[in-house]
Amino acid sequence: MSEDAGRGRTLVIAVDGFGPQDAEEITAGMPATAHPRLLEAVPGPVQSLTILPGGPSEPVPALVSLSTGASVAHTGVATEIPFEPGSPESRPTWYANSLLAPTLFDQAREQGLVTAALQWPATAGAEIDLCLPLVEDLRHYRNRWEMTEATSSPRMVREHLAPRRAAGVQLSQVPADALVAEIAAEACASGRIDLLAVRLTSLGAARREHGPTSPRARRALDDVVETIEQVVLAFAPTAQDRLLLMPGRALVPTALLVHPNAALAQQGLMRTDGTRLVDFRALVWPDGPRGALHVRRDEGEAVHHLALDALAEIAAHSRLEMRRVDDGVGATAQTDVIAVLEGGPGTVFGLSATHRPLVEGDDPYYAGPRAVADPSRPTVALASGPGLPTAEAEGGWADLGVTLAGAMGLRLPGATATGMRPCEQQPI
């Protein structure tokens, strides 16, 4: 047996919108009637690992913390949408050059392992053998095919994309998760992949757009379990291999829509042209149920106090908590973060400087999400295979990344976490 064969492979599947209850149902075997092959494909016992409240709540920064073992303050990807307002050359979080810390893919490649990342954030331009970021950055490309081929790895283009383009496939008509599952199956059939990371996004999109319990969301859950099954069966894990199923935070119905930038605009701290941001001295950048107060670094204490007073007033009227930040210096090249607004479950922060209320029922004027992540609740990852915890363990996204790297015999040099730890015993 070769050294690689004895080392075992690793499959990581991250499912946006897949909550703790979904993970519990899989471990309890509830989907087995509809999807019996999924449980049969996992050769060893499956352990539930608790991702504690706190840390990133949105999928992109959470998965970047997982792949680097670092907190969002050290990854370079702190929010779902990068903070670069008004910059025509902004680089969204699809690109590897956003990162400040080495990734699991980097370390695996240094050890001569074959890596693949499909729809994984911050991988475009990385040294990954089979890389399919599925970038959505049409400002910089003429069409979807050009964009996909330019941001995918040469091997991905040669083996999987070029044949599809030659056959006349229209990427805009192929669901992203379906394309990812097809290519994952093809890649696994073509040869050994030591680290395969797959991200599925359709369930999260359906639950956010239509509500977590809507009929569309229920159909999306059935579809995503079939897709997980397809990928796991193609990977064909053995007892030497590791599997990690990563959910996102639990999604809860949107209950409160807050526009803190309206308060800053009233104080003259930002300038708009209609709904478009023209310039700002202070600005709240939203990240799901949180908002970070950025202030330009060349502004004095007077602007700090003015912005904080304006947000303290809106926080008092909207049941928000405003938390001062002492370590937000240098949050971006132009700004410092001096405070964070946090809402309760179901809160959504808007970027707009105009008020738009959230009303009951089908509101034709509200185009925001019907569900939002709740970072105050824990979530559950499912793990199986050598080196991964065999008893209940807990930690953050970065802790899980460190533990996964250790199970693979790798080290994440930029990690700020220490790894998953045994769950604390609850008092009787």
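**Figure 1. The largest nonpolar core of the predicted model comprises 43 residues.** Within this core, the residues with the most contacts are Ile13, Val15, Leu118 and Leu196. Among the elements that build the core, helix α11, spanning residues 215-235, gives the most, with 8 residues. A second core, separate from this one, holds 32 residues, including Leu195, Ala197, Leu388 and Leu400.

**Figure 2. Leu196 and the residues that it touches are shown in close-up.** Leu196 is one of the residues with the most contacts inside the largest nonpolar core. When residues up to four places away in sequence are not counted, Leu196 touches Thr10, Leu11 and Val12, together with Ala116 and Leu118. Cys188 and Phe235 are also touched by Leu196. Of these partners, Leu118 is likewise named among the core residues with the most contacts.

**Figure 3. Ile228 is a buried residue of helix α11.** Is Ile228 buried or exposed? Its relative accessibility is 2%, and because buried means under 20%, Ile228 counts as buried. Ala181 lies 47 residues from Ile228 along the chain, and the C-alpha atoms of the two residues are separated by 8.1 Å. Helix α11, in which Ile228 has its place, is the element that gives the most residues to the largest nonpolar core.

**Figure 4. The largest cavity has a volume of about 70 Å³.** A search of the whole structure finds 4 cavities of 30 Å³ or more. The lining of the largest cavity consists of 13 residues, and those nearest its centre are Asp16, Pro59, Leu63, Pro247 and Gly248. Strand β1 (10-15) and helix α4 (59-68) each supply at least two residues of this lining. The largest share, 3 residues, comes from α4. By class, the lining of the largest cavity divides into 8 nonpolar, 2 polar and 3 charged residues.

**Figure 5. The second largest cavity has a volume of about 60 Å³.** Which residues line the second largest cavity? The lining is formed by Val12, Leu66, Ser67, Leu104, Phe105, Trp120, Leu195, Ala197 and Leu404. At least two lining residues are supplied by each of α4, α6 (104-110) and β5 (195-200). The lining of this cavity has 8 nonpolar residues and 1 polar residue, with no charged residues. Two of the lining residues, Leu195 and Ala197, are also included in the second nonpolar core. Val12, another lining residue, is among the residues touched by Leu196.

Note on methods. Residues numbered from 1 in each chain as written. Predicted model: local features only at pLDDT ≥ 70, side-chain atom pairs only at ≥ 80, totals over all residues. Heavy atoms only, no water. Core = buried A, V, L, I, M, F, W, Y, C linked by side-chain atoms within 4.5 Å. Buried < 20%, exposed > 50% of the residue type's maximum accessible area, 1.4 Å probe, protein only. Helix = DSSP H or I, 4+ residues; strand = E, 2+ residues; numbered from the N terminus. Contact = heavy atoms within 4.5 Å. 1 Å grid on protein atoms, 1.4 Å probe; cavity = no way out; pocket = protein on both sides within 12 Å on 5 of 7 lines; lining within 4 Å. Points joined across faces, edges and corners; volume = space filled by probe spheres on them. Nonpolar A, V, L, I, M, F, W, Y, C, P; charged D, E, K, R; others polar.
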